[in-house]
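Biologist: I have the sequence and the model open. Can we go through a few spots in it?

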Amino acid sequence: MSHSAEIDPVTELDSPIALVRKLAKYRSPVPARSRKELAITIIPFAAIFSLSWASLSISLWVSVALSLANAAFVLRLFMIQHDCGHGAFFGARHWNDWTGRLIGLLTLTPYEVWRRTHAIHHATTGNLARRGTGDIPTLTVAEYRAKPLHGRVLYRFVRHPIMLFGIIPFYSFFLRNRIPAGLVRSGWRYWASALGTDAAILAMLAMLYMLGGVPVLLFVYLPMMLLAASIGMWLFFVQHQFEDTAWYSEADWSVQEAAFHGSSHYVLPPVLKWFTANIGVHHVHHLASRIPFYRLPEVLSDYPELASARCITLRDSIGCARLALWDETGRRLVSFAEARHLPG
């Protein structure tokens, strides 16, 4: 769909607030497109899962390989759940909510809990005074230096790539999601979401066990879930943890400025854009989270200035894994090694 006759040009002087107004016209989902995107994700997921299961009688290696390939569709299902949480996938809230809840059984993510904590992430991103919910633990250089030895060791341990992209994804999706993390005292609604999802997941796993035994759980189900969780954590990391990201003190912070300047445009090859549901266009997503993922390329096509902003390539992103501390003076994210050479 072209909006060329209605496009207001983006200029270098446009503020993030002005951009939000210009992007409002892309917020309407296209119901037929949403149904299609859901179908072309869930059907291949089910087919590959079945093939992986059937392959158990032929070769465990083939079964695991198919399971790992299916992680891409698990990831895409999570991105659809993500859009549902923003009220962006369908026009009616009940369709968003029930689609998100059902997908949550496959992604091990209680929908109401995740929607609330993710909303907090959007509302507080880039605010140094409000870190801690839905974000990657990040200290400033000064805070890190002020910690005792054991505190610095613990922080370095948590920020190590093996922890961030190996242990923490398993902990987050398999363990932490089982209770309303961060919302324990926020009311029955979040407990119902978490415990209801847990009960449904247990029933699903019990059915898989009764029909296929332990091999189905170990070689068909587990590999795809572990890999999808790790890739999801990597994407979330790269979208905010890059050298030119932005963090602000409470006095200087505004949600629009932090959304745009603190979020990357992760430029991926077309096949990866499809499997990640354009989540790499994160600077636009944080400015206008109600835009369905399939309309984000439309935004970039209409506004080339946004397509060339906040860009990180696949090669660039590998170096982001070493970044760990916010340098308030230089206003950039730095590695531990770089922090040692900073004054003060």
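Biologist: What is Ser 193 in contact with, leaving aside its neighbours within four places in sequence?

Modeller: In this predicted model, Ser 193 contacts Pro 110, Tyr 111, Glu 112 and Val 113, once neighbours within four places in sequence are set aside.

Biologist: Which helix is Ser 193 in, and is Ser 193 buried or exposed?

Modeller: Ser 193 sits in helix α9. Its relative accessible area is 10%, so Ser 193 is buried.

Biologist: And Ala 200, buried or partly exposed?

Modeller: Ala 200 is also placed in helix α9. Its relative accessibility is 27%, so Ala 200 counts as partly exposed. Its C-alpha atom is separated by 9.6 Å from that of Leu 102, with the two residues 98 apart along the chain.

Biologist: Let's move to Thr 117. Where is it placed, and what does it touch outside its neighbours within four places in sequence?

Modeller: Thr 117 is in helix α5. Beyond those neighbours, its contacts are Thr 133, Gly 134, Ala 181 and Leu 183. For Leu 183, the C-alpha separation from Thr 117 is 8.1 Å, across 66 residues of chain.

Biologist: Why does Thr 117 count as buried?

Modeller: Because its relative accessible area is 14%, and buried means under 20%.

Biologist: Now the core. How many residues are in the largest nonpolar one, and which have the most contacts inside it?

Modeller: The largest nonpolar core has 52 residues, and Met 224 and Phe 237 are those with the most contacts inside it. At least two residues of this core come from each of α2 (31-54), α3 (60-85), α5 (111-124), α8 (161-175), α9 (188-212) and α10 (214-240). The largest share is that of α10, with 13 residues.

Biologist: What does Met 224 touch, not counting residues up to four places away?

Modeller: Met 224 touches Phe 45, Phe 49, Ser 67, Asn 70, Ala 71 and Val 74. Apart from that core there is another, of 16 residues, including Leu 287, Leu 296, Leu 300 and Tyr 303.

Biologist: How do α2 and α10 pack, then: at what angle, and how far apart are their axes?

Modeller: The angle between α2 and α10 is about 145°, and their axes are 10 Å apart. The crossing of α2 past α10 is right-handed.

Biologist: Which residues meet there?

Modeller: From α2, Phe 45, Phe 49, Ser 52 and Trp 53; from α10, Val 216, Phe 219, Val 220, Tyr 221 and Met 224.

Biologist: Different topic, cysteines. How many disulfides?

Modeller: The count is zero disulfides, taking a disulfide as a pair of cysteine sulfur atoms within 2.5 Å.

Biologist: Why is Cys 320 not bonded to Cys 311?

Modeller: Cys 311 holds the closest cysteine sulfur to that of Cys 320, but the gap is 13 Å, so it is too far for a bond. Cys 320 is buried, at a relative accessible area of 5%. Cys 84 counts as buried too, at 1% relative accessibility.

Biologist: Backbone next. What is the phi of Ala 277, and where does Ala 277 lie?

Modeller: Phi of Ala 277 is near 55°, which is positive in a residue other than glycine. Most residues other than glycine have a negative phi. Ala 277 lies in the loop between α12 (270-275) and α13 (282-287), and is buried at a relative accessible area of 4%.

Biologist: And Arg 331, what is its phi?

Modeller: Phi of Arg 331 is near 55°, again a positive value outside glycine. Arg 331 is in the loop between β4 (323-327) and β5 (332-335). With a relative accessible area of 39%, Arg 331 is partly exposed.

Biologist: What about Pro 270, buried or exposed?

Modeller: Pro 270, in helix α12, counts as exposed at 67% relative accessibility. From Pro 270 to Ala 32 the C-alpha distance is 22 Å, and the two are 238 residues apart in sequence.

Biologist: Last thing, confidence. What is the average pLDDT, and where does pLDDT stay under 50?

Modeller: The protein averages a pLDDT of 93, and 96% of the residues score at least 70. Residues 1-5 stay under 50, and the model gives them seven contacts beyond four places in sequence.

Biologist: How should I read those contacts?

Modeller: Where pLDDT is low, the predicted coordinates should not be read in detail.

Definitions and conventions
Residues are numbered from 1 along each chain as its sequence is written. This is a predicted model: local features need pLDDT of at least 70, side-chain atom pairs count only at pLDDT 80 or more; totals for chains, interfaces and linings use all residues. Side-chain values use heavy atoms; hydrogens and water are left out. Buried means under 20% relative accessible area, exposed over 50%, partly exposed in between (1.4 Å probe, protein chains only). A nonpolar core is a set of buried Ala, Val, Leu, Ile, Met, Phe, Trp, Tyr and Cys residues joined through side-chain atoms within 4.5 Å. Helices (H or I, at least four residues) and strands (E, at least two) are DSSP runs, numbered from the N terminus. Contact means heavy atoms within 4.5 Å. pLDDT is the predictor's confidence in each residue, from 0 to 100. Axes are lines fitted to C-alpha atoms, for helices over the stretch in contact, and angles run from 0 to 180 degrees between N-to-C directions. A crossing is left-handed if the near helix is turned anticlockwise from the far one by less than a right angle, and right-handed if clockwise.
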